Each structure stands twice: as C-alpha cells, then as structure tokens.
Amino acid sequence: MRKPQRGYARQDRVQEQIMRELAELVRTGLKDPRAGFITINEVDVTRDYSHATVYYTVLNDGTREVTEEALEHAKGYLRTELSKRIKLFKTPELHFKYDESLERGMSISSLIDKVAAEKPVED
C-alpha cells in the first residue's frame with residue numbers, strides 16, 4: 001500500500017524548477033532571432049528524469065514553425081545551461097511541443113458566447 005503524499009512530490013518540484021529555469025534561459029540566453037516571444041506553459045518529466053516534454057506558446061502564431069526550428073536548434077545549449085543551474089543525477093533530454101490548449105479554450109469560449117447570444121435566457 002502506498003503512503004499518502006505530503007505536499008509536492010519531488011517530480012512536481014523538479015518540473016516547476018525546470019520550467020522556471022527554461023523560461024529564464026529562453027528570455028535572456030537565447031540569441032537566435034528566430035526565437036520570438038516564447039512562453040513556457042508546462043513541463044512534464046518522466047519518472048526517471050531522463051526526458052522532459054516542454055509545452056510552449058508563441059505570441060505571434062505566424063512564427064510558430066520558425067520558433068519550433070529555433071528551439072530544436074538550441075536544444076543542446078538549453079540542456080547544458082539547465083545542467084549548470086539544476087543539480088540532478090541526469091539532466092533530462094528536452095522535447096518541445098507547441099501547446100494548443102489555450103487556442104482550444106478560446107475557441108470553445110467563443111462558441112459558448114455565440115450560442116448564449118443566439119438563445120435568450122428564459123425566466
């Protein structure tokens with residue numbers, strides 16, 4: 001039987017720390033002009049800390065493909081800098097994925113608003 005967890009699990013703390021450090025590195029350390037305004041939304045780390053999936057969004061949707069190329073190109077640099085800032089047995093390999101949840105949420109919200117405007121509320 002598993003013990004109940006108290007507070008954050010170590011994996012959650014590592015994910016949050018990686019997210020903070022990557023956000024800072026992307027903001028200040030990335031000199032690639034293709035990398036525009038990138039927001040790191042979430043980081044998922046495997047249980048053995050060998051892989052980390054980084055979910056990001058960009059300010060301008062038109063630069064999405066170019067930003068993806070820039071992040072893939074800077075993957076080694078970001079991992080090296082991350083290993084200097086966070087002391088782990090093994091620095092996770094980074095995998096970047098565009099986070100479409102915000103766009104999906106906005107489209108669902110606009111559909112709800114549209115339906116609400118078409119159908120008057122009956123009392």
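This is a short dialogue on reading helix packing and strand pairing in a predicted model.

Q: What describes two packed helices?
A: Two values do: the angle between their axes and the distance between those axes. Here, take helix α1 (residues 10–29) and helix α3 (residues 75–85). They pack at an angle of about 125°. Their axes are 10 Å apart.

Q: Which orientation word fits α1 and α3?
A: Angles of 65 to 115 degrees count as roughly perpendicular, and those over 145 as roughly antiparallel. The angle here is about 125°, so the two helices are oblique to each other.

Q: Is the crossing of α1 and α3 left-handed or right-handed?
A: α1 passes α3 in a right-handed crossing.

Q: Which residues of α1 and α3 meet?
A: From α1 come I18, E21, L22, E24, L25 and G29. From α3 come Y77, L78, E81, L82 and R85. By class, this contact has 6 nonpolar, 1 polar and 4 charged residues.

Q: How do strands of a sheet pair?
A: They pair through backbone hydrogen bonds, either parallel or antiparallel. In this model, 3 strands form an open sheet with mixed pairing, in the order β1-β2-β3. The edge strands are β1 (38–45) and β3 (93–98), each paired on one side only. Neighbouring strands are turned by 30° against each other on average, direction ignored.

Q: How many bridges join β1 to β2?
A: There are 7, and the two strands run antiparallel. Strand β2 covers residues 51–58. One bridge partner to look up is Y56 in β2, which pairs with I40.

Q: Where does α1 lie relative to the strands?
A: α1 lies across β1, β2 and β3. It runs at about 155° to β1.

Terms used. Residues are numbered from 1 along each chain as its sequence is written. This is a predicted model: local features need pLDDT of at least 70, side-chain atom pairs count only at pLDDT 80 or more; totals for chains, interfaces and linings use all residues. Side-chain values use heavy atoms; hydrogens and water are left out. Axes are lines fitted to C-alpha atoms, for helices over the stretch in contact, and angles run from 0 to 180 degrees between N-to-C directions. Helices (H or I, at least four residues) and strands (E, at least two) are DSSP runs, numbered from the N terminus. Angles under 35 degrees count as roughly parallel, over 145 as roughly antiparallel, 65 to 115 as roughly perpendicular and the rest as oblique. A crossing is left-handed if the near helix is turned anticlockwise from the far one by less than a right angle, and right-handed if clockwise. Contact means heavy atoms within 4.5 Å. Ala, Val, Leu, Ile, Met, Phe, Trp, Tyr, Cys and Pro count as nonpolar, Asp, Glu, Lys and Arg as charged, and the others, Gly among them, as polar. Two strands pair if DSSP finds at least two bridges between them.
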